[in-house]
Amino acid sequence: MTAATVLDVGSPSAKQKRSFWRYWRGNLKGSEFTWALAFSVPYIAVFVAFVAYPVFYGLWMGRDPALYADVFSDGIYRDTVVNTLVFVVLGVNLKLFLALLLSGVFMRPGWLTKVMLMLFVLPWAVPQLPAFISLHWMLNGEWGLLNNALWILGGIEGPSWLNERWTALGAAIASHIWKWMPFWTVILLAGRMSIPQDIYDAAKVDGATGLNRFLFVTFPLLANLYLVLTLLATIFLLGDFNTVFFVTGGGPNNETHLLATLGIRNAFDLARPDLGVAVVMTALPVLIPLVIILMRKLRTAEVQL
Amino acid sequence: MALMRRSLLQGSLGFAAGATLAAPYIANAQAKTMSAWFAQGFVEDEDIALRKAVAGYEKASGNTVELSIIPFAPQRQKIVSAITSGVVPDVTQNNPAEILPLYAWQDKWIDTEDVIETQKARFSETALKSAQAYNDVTKKRAYYGVPLRGACVPCHTWKSLVEKADMKMADRPRTWDGYFDFYKKVQDNLRKKGERKIYGLGFQITANGVDPAALFNAFMHGYGGQGIVTPEGHLNLDARIREAAIKAVEYLGGAYRDGYVPPSAINWNDADDNNAFHAKLMVMDVDGTISTEVAVKAKHPEWYFDEMVTDGLLYPTTNDGKPITCITAMLNAVIPKGARNVPVAKEFLKFMIQPEVLQDTVETGLGRNLPPMPELARTPFWENPKDPHLKGYVQQGLLGPTQPDYYVFNPAMAEVYAQHVYSKAMIAVAKKGKATDAVDAAFSEIKEIFAKYPIKQS
């Protein structure tokens with residue numbers, strides 16, 4: 001060990017201390033640092049209490065590997081994974097594709113379009129619980145509004161929508177699309193409105209009209225937005241609870257659960273919160289990559305037409 | 001100036017931190033305040049009755065009760081969350097009823113024997129048994145609940161629909177199969193009259209809620225299959241029980257398969273059968289409490305007094321004419337371990353189980369729930385000759401032969417109910433499966449669940 005090294009043993013710690021404080025305080029001096037701390041502490045406290053703590057508490061509750069053996073051996077869970085995949089693939093894509101088309105309709109000028117848009121967003125504005133409970137009753141096979149209408153108008157005996165797995169799941173997907181499509185339509189409408197008219201004018205000169213205008217101008221400019229919305233909608237839908245809980249109740253015979261509703265069932269109906277958390281945790285391998293891709297896509301700023 | 005601002009900021013932060021740390025100390029200083037969580041009643045009068053009783057305690061004791069009345073389903077979630085997190089109220093109720101034995105097994109409740117002792121001689125035997133549960137930590141059965149109200153499962157009938165089918169209520173057989181077959185005939189007659197959507201039997205063949213297990217148990221007892229769990233907590237799946245289970249599954253699932261039960265019943269929740277019954281879309285319903293009747297008493301007194309019939313007094317017998325022991329589920333108050341004011345909680349519960357308080361609570365609540373003391377059934381309210389429902393209901397669930405639900409003897413049964421094992425068997429038969437296969441599958445699952453809850457000593 002050289003003398004220089006010996007001398008350095010004491011001073012780095014003092015230097016490190018100073019550099020730590022410099023780093024910690026940034027360029028703030030005197031009372032500025034105290035003010036910054038005072039403003040930051042409430043936010044940090046809220047973040048720790050309502051974001052970090054629940055997430056880590058959930059991870060802690062679901063830490064026992066034996067829980068996952070219980071989850072994977074449960075037949076209801078296996079059905080639930082299939083349901084969730086079907087729900088996500090159909091729910092997200094149908095909803096966004098229809099929203100993309102409808103946003104074009106609502107770009108048309110005129111007061112009638114504005115009135116239609118106002119009516120169209122109503123399902124989104126209605127609170128979820130009464131909306132989905134109403135749908136549950138409307139879909140009742142014997143005395144629901146839908147089957148009564150079919151009988152009165154066409155003498156058709158409608159099926160018991162909520163009695164079979166696939167019709168019940170289909171009803172839940174349709175209810176979800178009905179409820180949330182207006183929201184995504186409005187976002188895509190805003191996206192369309194942000195495209196400068198100059199680009200369309202230039203495209204028109206080049207002969208791009210009708211479908212070509214959509215394919216070669218509108219869609220490329222909306223593509224990144226559409227992809228971001230798809231990722232967002234997928235993340236939202238993976239955590240969706242209300243639709244299935246209130247429309248099908250997870251039935252018949254626990255055949256239409258999604259991960260979120262099964263998690264709640266396990267946590268509270270079986271009084272096994274740890275098992276409920278474990279069910280939801282199994283979505284993380286899908287959810288985390290989605291969030292990472294979403295974060296990357298949000299940085300995209302340029303589009304090549 | 002900078003120094004003052006800094007001092008002010010540092011002082012404020014110090015005060016905020018100090019106040020946070022001191023808060024529990026201040027709360028502890030208010031030793032006479034306690035918290036209580038109860039489920040919202042099905043009729044508003046039940047909540048009025050509860051508030052009245054709590055106000056009576058506050059006046060008598062000078063203590064304060066922070067009362068939370070929470071809707072039924074969220075309260076269940078709140079209790080499970082509270083027990084899991086350890087942040088518990090001083091008093092709550094066993095909602096659902098099964099959590100009393102489930103959490104007693106895990107040693108999560110305070111012993112309540114000293115509370116029970118104050119009125120022990122007055123409680124029915126079923127009420128006392130329902131307040132007990134097995135603790136797997138102490139390996140002993142002890143009192144963990146305090147009985148407040150009870151409920152059994154009567155049969156509810158629209159007299160007007162029976163008469164619409166040109167049949168008479170008085171012609172209903174009193175034996176089990178005959179009684180329920182009568183309603184199939186009512187439906188057949190209604191179909192002939194062009195009523196395409198009125199069903200004879202409102203059976204909850206569903207895997208949701210608490211109703212299907214209660215329905216199945218009623219049929220098990222109807223077919224002589226009493227005692228699937230012994231009072232010592234041991235599972236009994238002998239030939240008698242198996243035969244009753246096969247008959248029960250066949251009748252319930254078969255009635256659905258044959259079109260005598262509304263098709264949507266396979267996916268009903270707890271409220272759907274009540275809604276369907278109130279809409280006169282089925283002739284009869286087997287459903288716990290008389291909420292079906294009291295819910296319409298104010299708005300449709302003609303329904304309550306003339307059109308609806310509750311078969312409690314005239315509850316059918318077994319097929320060989322023996323009276324049936326009805327299962328009476330008890331609503332118990334419980335004190336979770338970790339409660340801050342256990343002495344006040346116990347004092348509160350001692351007040352709540354005084355006969356006059358219990359009487360006022362159940363009677364102000366329109367009699368949807370039964371009192372836990374037989375002497376409280378002999379009041380003008382329950383014996384009112386003008387009321388067509390109360391006398392029969394209290395006879396069936398309190399004065400007649402009753403027993404606690406099976407989860408009281410072993411919490412495994414609570415998991416059997418939560419996993420809807422019986423529902424799966426009924427649904428299998430409803431979907432044209434064989435009753436014997438359905439029962440064998442159900443019994444196999446029940447055995448697996450019971451293996452997790454071994455009780456060595458009673």
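In the predicted model, Val146(B) stands opposite Ala333(B) in strand S12 of chain B. Val146(B) belongs to strand S6 of chain B, which spans residues 145–151 and is joined to S12(B) by 6 bridges, the two strands running antiparallel. A further pairing in this ladder places Asn332(B) of S12(B) as the bridge partner of Pro147(B). On S12(B), Ala333(B) is also the bridge partner of Gln93(B), a residue of strand S3 of chain B (residues 92–93). S3(B) and S12(B) run antiparallel and are joined by 2 bridges. The resulting open sheet of 3 strands has the order S3-S12-S6 in chain B, with antiparallel pairing. Its edge strands are S3 and S6 of chain B, each of which pairs on one side only.

The strand S12(B), residues 329–334, has 6 of its 6 residues buried and is therefore largely enclosed by the rest of the structure. Ala329(B), Leu331(B) and Ala333(B) point one way from the strand, whereas Met330(B), Asn332(B) and Val334(B) point the other way; all are buried.

Thr112(B) contacts this region from a loop. The residue is found between helix H4 and helix H5 of chain B, the latter comprising residues 113–117. With 24 other C-beta atoms within 10 Å, against a threshold of 20 or more, Thr112(B) counts as buried. Excluding residues up to four places away in sequence, Thr112(B) touches Tyr143(B), Tyr144(B), Gly145(B), Val146(B) and Ile335(B). For Thr112(B) and Val146(B), the separation is 34 residues in sequence and 6.9 Å in space, taken from C-alpha to C-alpha.

A second open sheet in chain B contains 4 strands in the order S8-S9-S7-S10, with mixed pairing. Strand S8 (199–202) and strand S10 (308–311) of chain B form the edges, each pairing on one side only. From one strand to the next, the twist averages 15°. Within this sheet, strand S7 (residues 155–158) and strand S9 (residues 282–286) of chain B run antiparallel and are joined by 3 bridges. In that pair, Met284(B) of S9(B) is the bridge partner of Thr157(B). Helix H8 of chain B, residues 176–192, packs on the sheet and touches S8 and S9 of chain B. The direction of H8(B) makes about 145° with that of S8(B).

Parallel pairing is found between strands S1 and S2 of chain B, which are connected over 7 bridges. S2(B) covers residues 64–70, and Ser68(B) in this strand is the bridge partner of Trp37(B). Between the two strands the chain passes through helix H2 of chain B (residues 44–61), giving a β-α-β crossover that is right-handed. In S1(B), residues 33–39, 5 of the 7 residues are buried, so the strand is largely enclosed by the rest of the structure.

In chain A, helix H4 (residues 75–105) packs with helix H11 (residues 210–238) at an angle of about 140°, and the axes are 10 Å apart. Angles over 145 degrees count as roughly antiparallel and those from 65 to 115 as roughly perpendicular; H4(A) and H11(A) are therefore oblique to each other. Their crossing is right-handed. On the H4(A) side, the contact is made by Phe87(A), Val88(A), Gly91(A), Val92(A), Lys95(A), Leu96(A) and Leu100(A). These meet Tyr226(A), Leu229(A), Thr230(A), Ala233(A), Thr234(A), Leu237(A) and Leu238(A) in H11(A).

Helix H10 of chain A, residues 197–205, has 0 of its 9 residues buried, so this helix lies largely in the open. H10(A) is followed by Gly207(A), whose phi is positive, near 90°.

The contact between the chains takes 28 residues from chain B and 24 residues from chain A. On the side of chain B that touches chain A, the elements giving two or more residues are helix H1 (2–29), helix H3 (72–85), helix H4 (99–105), helix H17 (412–418) and helix H18 (421–430) of chain B. H1(B) gives the most to that side, with 6 residues.

Terms used. Residues numbered from 1 in each chain as written. Chains lettered and ligands numbered in written order. Predicted model: local features only at pLDDT ≥ 70, side-chain atom pairs only at ≥ 80, totals over all residues. Buried ≥ 20, exposed ≤ 12 C-beta atoms within 10 Å, placed from the backbone. Pairing = 2+ DSSP bridges. Right-handed = clockwise from strand over helix to strand, strands pointing away. Axes fitted to C-alpha atoms, helices over the stretch in contact; angles between N-to-C directions. Parallel < 35°, antiparallel > 145°, perpendicular 65-115°, else oblique. Left-handed = near helix turned anticlockwise from the far one by under 90°. Contact = placed C-beta atoms within 7 Å.
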